[in-house]
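Let's take a look at the empty spaces in this protein, and then at a spot on its surface.

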Amino acid sequence: MALLEVKVPQLSESVAEATLLTWKKKPGDAVAIDEILIEVETDKVVLEVPAPAGGVLGEIVVGDGGAVVSDQLIARIDTAVQAVAAAPAPAAAAALRATSPAPAPAAAVSKAAVAMPAAAKLMADHQLPAGSVAGTGKDGRVTKADVLSVLTSGGPSAPAAAVQAPVPAAVVKPLPAVSAPSSSMNLGDRPEQRVPMSRLRARIAERLVQSQSTNAILSTFNEVNMAPVMEMRKKFQEKFEKEHGVKLGFMSFFVKAAVAALKKYPIVNASVDGNDIVYHGYFDIGIAVGSPRGLVVPVLRNVDQMSFADIEKKIAEFGVKAINGKLGIEELTGGTFSVSNGGTFGSMLSTPIINPPQSAILGVHATKDRAVVEHGQVVVRPMNYLALSYDHRIIDGREAVLSLVAIKEALEDPARLLFDI
């Protein structure tokens with residue numbers, strides 16, 4: 001038996017430890033080279049751990065939810081057995097399991113080929129043995145509805161004490177959905193579920209509390225008529241997309257307008273370091289992006305040197321990476337100013353929290369037709385409420401208000417952005 005060690009990838013210097021999520025294989029399963037075995041979650045990113053060679057997973061050293069550090073041993077692969085697409089021969093699998101420690105509790109939750117993930121989880125929670133639920137899904141797979149049907153019909157179920165047991169504290173699941181319990185759980189109409197925070201969610205909480213407790217946060221507001229931007233976007237959308245392969249969105253206008261304002265009022269682009277004010281001669285703009293794991297803020301570098309197309313392509317790239325958990329640590333660090341667009345979710349007005357060590361953040365909201373007065377006449381215009389939260393320790397109200405006015409003026413006359421005036 002030739003055993004090859006599987007170790008945690010090298011973590012960033014700022015990351016002391018990480019958390020293993022869920023093993024995708026269990027001891028005795030065949031693995032192919034570069035096949036993803038497990039994901040490692042830090043407080044910033046999720047890293048994939050691929051199999052360094054093909055073979056059979058012989059031992060899991062650290063189970064689901066375990067805390068690990070860089071280069072820590074987490075599993076061993078028997079490379080003497082060639083990995084194949086199908087499961088290993090029964091005799092080989094039995095021999096491996098006999099010589100290997102028991103797998104982590106969550107590693108035996110389901111048989112992926114028999115039950116869908118949600119169904120397998122529910123079966124494990126209720127201690128239903130494999131094969132006890134008939135599948136009605138594609139190719140006979142067991143669905144969540146099949147399991148619920150068995151539970152509510154008085155079929156096989158776990159003892160009451162086991163059913164009511166809370167989720168083990170060691171298992172870390174990113175942003176799990178809390179579903180209503182079945183009637184067999186007998187919890188009445190006040191169900192609860194306790195789950196630990198993911199490392200990212202805990203880090204977000206820590207940074208937001210830090211921002212509120214260390215910054216003197218104040219917000220100023222203004223409204224902007226988005227008609228000129230909408231007209232320009234409509235006029236050039238088709239040609240822009242054909243030329244650059246990406247749609248012309250509104251965020252590139254907001255980012256460009258913010259940079260124009262930061263050039264006029266450099267203090268808004270500065271940060272505090274002890275008793276010093278650090279003025280940044282570059283413009284790295286953080287873009288708040290929602291992801292399944294929580295809010296992340298990847299950074300656009302040197303935005304003043306980027307075109308509208310460059311900005312739109314990079315934002316689209318960030319969005320895909322955020323959804324897939326592929327954002328790198330270098331993409332999430334730094335930044336001199338941030339833009340948060342709550343309008344994509346329908347927000348009318350908010351006071352965004354500064355992302356430390358930055359000193360200001362622009363909040364963008366939903367554009368809605370509203371009645372406004374122009375030249376003594378009431379007219380309907382597509383209006384957007386802008387909010388600028390700033391650190392009053394170094395940014396005075398005058399600079400904050402004027403910088404937001406500069407953003408408003410740039411958006412209401414977007415040709416200025418093309419000529420940098």
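A pocket here is an open set of grid points with protein on both sides within 12 Å along at least five of seven lines. Keep in mind that this is a predicted model.

The second largest pocket has a volume of about 770 Å³. It is lined by 35 residues, and Arg207, Leu295, Val296, Val297 and Asn355 are the closest to its centre. Helix 5 (199-214), strand 14 (294-296), strand 16 and strand 17 are the elements that each put two or more residues into this lining. Helix 5 gives the largest share, with five residues.

What about closed spaces? Searching the whole structure turns up two cavities of 30 Å³ or more. The largest cavity comes to about 70 Å³. Its lining has 12 residues, and those closest to its centre are Arg293, Val296, Ala322, Gly325 and Leu327.

Here is how the two linings break down by class:

| Lining | Nonpolar | Polar | Charged |
|---|---|---|---|
| Second largest pocket | 16 residues | 15 residues | four residues |
| Largest cavity | six residues | two residues | four residues |

Now for the surface. Phe221, Met348 and Leu349 make up a nonpolar patch there, and together they have about 290 Å² of accessible area. Where does Leu349 sit? You'll find Leu349 in the loop that runs between strand 16 (337-341) and strand 17 (360-364). Leu349 counts as partly exposed because its relative accessibility is 42%, and partly exposed covers the range between under 20% (buried) and over 50% (exposed).

Terms used
Residues are numbered from 1 along each chain as its sequence is written. This is a predicted model: local features need pLDDT of at least 70, side-chain atom pairs count only at pLDDT 80 or more; totals for chains, interfaces and linings use all residues. Side-chain values use heavy atoms; hydrogens and water are left out. Patches are made of residues with over 30% relative accessible area and no salt bridge: like charges are joined within 9 Å, nonpolar side chains (Val, Leu, Ile, Met, Phe, Trp, Tyr) within 5 Å. Accessible areas come from the Shrake-Rupley method with a 1.4 Å probe; for residues, only the protein chains shown count as cover. A salt bridge is a side-chain nitrogen of Lys or Arg within 4 Å of a carboxyl oxygen of Asp or Glu. Helices (H or I, at least four residues) and strands (E, at least two) are DSSP runs, numbered from the N terminus. Buried means under 20% relative accessible area, exposed over 50%, partly exposed in between (1.4 Å probe, protein chains only). On a 1 Å grid over the protein atoms alone, a cavity is a set of points where a 1.4 Å probe fits but cannot get out, and a pocket is an open set with protein on both sides within 12 Å along at least five of seven lines; lining residues have an atom within 4 Å of a point. Grid points are joined across faces, edges and corners, and a volume is the space filled by probe spheres set on the points. Ala, Val, Leu, Ile, Met, Phe, Trp, Tyr, Cys and Pro count as nonpolar, Asp, Glu, Lys and Arg as charged, and the others, Gly among them, as polar.
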